[in-house]
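This report walks through a pocket, some charged pairs, a surface patch and two chain contacts. Have the structure open while reading.

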Amino acid sequence: MSFKEDPILAAAFWTGIAALLLTLLLGLQIVRLRIALRARERRKARTLARWRPLLNAAIVGEIPQQLPPLRGSERLHFIKLWVHLQASLRGDAGAALNGIACRLGLDNEARAMLGRRARTERLLAALMLGHLGDRQAWPQLLRLAGMDDPTLSLTALWALVRIDPQAAAEYLTPLFIEREDWAMSHVAGILQQAGTPVAAVLAGMLPRLNAQRLPRALRIAEALRIELPAESLAAALASGEVAIVTAALRIVNTPLLQEPVRTLLLDEDWQVRVQAAKALGRVGDRGDVERLVAMLADREWWVRYRAAQALVELPWLKRADLDALHAKLDDRYAADMLAQVMAEQDALAEETEAA
């Protein structure tokens, strides 16, 4: 029976032929990609072999008088190597690499790369321009910082901080408070180089922030270890909003706020009491020992635990004082908690000595 007489058999035959051709085309594509990948790896190896010794020499102060020309096929691999080396350097060594990049015209190249569609190139360009401190790239980086792509935008924000910490703090601090989808770890990593100007911007913003934004602003201050004005924290502690109060308690670090903290030891929300106990351990005086002892009998486990930790960490309470306090405790849960935390402190001390 021929194909003409059986259309089903004919269809199966041509389907098989088409599948075979597609398989061959796929195989050819895989081979082509492998060849291209190997060619890129060879170009990368040649670039590294040619430029790594020069860059390493510059890092140790042996800056070459003349540089070989940077080929077009080498540019991307060179920039990746340069950025990688810069990430581990500080001070004069980084400045030496900056000088080489500028001598090769890569500052202009990086600004051009910011406008290209390739995501990898824009990321590398932002990193390079940040290390270079290139003020000319500021408008382009601002546009990149406004993109929806979180990696691109955060990298551009990092570069802005490197270029001008003061101007970046004024621009970025309100943005980071607004964008709660950005992880606090990323925010802190970017802003840590602008701690002083960020502190000033935050202090000015706090009185104007609403209850929705204030907790994140306080968490930024905590992440950057910024000391905010006592009057601003006092207002936050008196807000009555659990999220605001707990965020403020986490950064209380001045005896000027002892009274508000003591009041919050009796708050109806256990999360507030937890943070109040920790804060009192940092800013309290000898008269607060009894307050912390009373919290050992709190109905919430975490409150008892943090109160015990605060007692153990008080600098004027020695081990004999803690043993005496423990002996006087009538509440079984309070006694057990203080004993547990004292045992944890002993174990930590032993590990430290062993190390």
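H3 gives the largest share of the lining of the largest pocket, three residues. The model is a predicted one. In all, 14 residues line this pocket. Gln86, Leu89, Arg90, His131 and Arg162 lie nearest its centre. Four elements give two or more residues to the lining: helix H2 (75–86), helix H3 (92–103), helix H5 (119–132) and helix H7 (150–163). What is the make-up of the lining of the largest pocket by residue type? Six residues are nonpolar, six are polar and two are charged. The space in the largest pocket comes to about 240 Å³.

**Salt bridges**

Side chains of opposite charge can pair when their charged atoms come close. The count here is 17 salt bridges. Three of the pairs are set out below.

| Acidic partner | Basic partner | Closest N and O atoms |
|---|---|---|
| Aspartate 134 | Arginine 111 | 2.4 Å |
| Glutamate 121 | Arginine 116 | 2.9 Å |
| Aspartate 285 | Arginine 262 | 3.2 Å |

Take the pair of aspartate 134 and arginine 111, with its closest N and O atoms 2.4 Å apart. Aspartate 134 sits in the loop between H5 and helix H6 (138–145), and arginine 111 sits in helix H4 (residues 106–114), so the salt bridge ties together parts 23 residues apart in sequence. Are its two partners buried or exposed? Aspartate 134 has a relative accessible area of 9%, so it counts as buried. Arginine 111, at 12% relative accessibility, is buried too.

Glutamate 121 pairs with arginine 116 at 2.9 Å between the closest N and O atoms. Arginine 116 is partly exposed, and its relative accessible area is 33%.

Aspartate 285 and arginine 262 form a salt bridge with their closest N and O atoms 3.2 Å apart. This pair links distant parts of the chain, 23 residues apart. Aspartate 285 is in the loop between helix H15 (270–283) and helix H16 (289–295). Arginine 262 belongs to helix H14 (residues 258–264). What is the exposure of each partner? Aspartate 285 counts as partly exposed, at 32% relative accessibility. Arginine 262 counts as buried, at 12%. Both belong to one network, in which salt bridges that share partners join Glu259, Arg262, Asp285, Asp288 and Arg291.

**A nonpolar surface patch**

Which residues form a nonpolar patch on the surface? They are Ile17, Leu20, Leu21 and Leu24. Together they have about 350 Å² of accessible area. Isoleucine 17 is part of helix H1 (residues 7–59). Its relative accessible area is 30%, which makes isoleucine 17 partly exposed.

**Two C-alpha separations**

Alanine 145 is in helix H6. With a relative accessible area of 3%, alanine 145 is buried. How far apart are the C-alpha atoms of alanine 145 and threonine 155? They are separated by 7.7 Å, and the two residues are ten residues apart along the chain.

Arginine 299 lies in the loop between H16 and helix H17 (301–313). Its relative accessible area is 65%, so arginine 299 counts as exposed. Tyrosine 333 is 34 residues from arginine 299 along the chain, and their C-alpha atoms are 9.3 Å apart.

Terms used:
Residues are numbered from 1 along each chain as its sequence is written. This is a predicted model: local features need pLDDT of at least 70, side-chain atom pairs count only at pLDDT 80 or more; totals for chains, interfaces and linings use all residues. Side-chain values use heavy atoms; hydrogens and water are left out. Patches are made of residues with over 30% relative accessible area and no salt bridge: like charges are joined within 9 Å, nonpolar side chains (Val, Leu, Ile, Met, Phe, Trp, Tyr) within 5 Å. Accessible areas come from the Shrake-Rupley method with a 1.4 Å probe; for residues, only the protein chains shown count as cover. A salt bridge is a side-chain nitrogen of Lys or Arg within 4 Å of a carboxyl oxygen of Asp or Glu. Buried means under 20% relative accessible area, exposed over 50%, partly exposed in between (1.4 Å probe, protein chains only). On a 1 Å grid over the protein atoms alone, a cavity is a set of points where a 1.4 Å probe fits but cannot get out, and a pocket is an open set with protein on both sides within 12 Å along at least five of seven lines; lining residues have an atom within 4 Å of a point. Grid points are joined across faces, edges and corners, and a volume is the space filled by probe spheres set on the points. Ala, Val, Leu, Ile, Met, Phe, Trp, Tyr, Cys and Pro count as nonpolar, Asp, Glu, Lys and Arg as charged, and the others, Gly among them, as polar.
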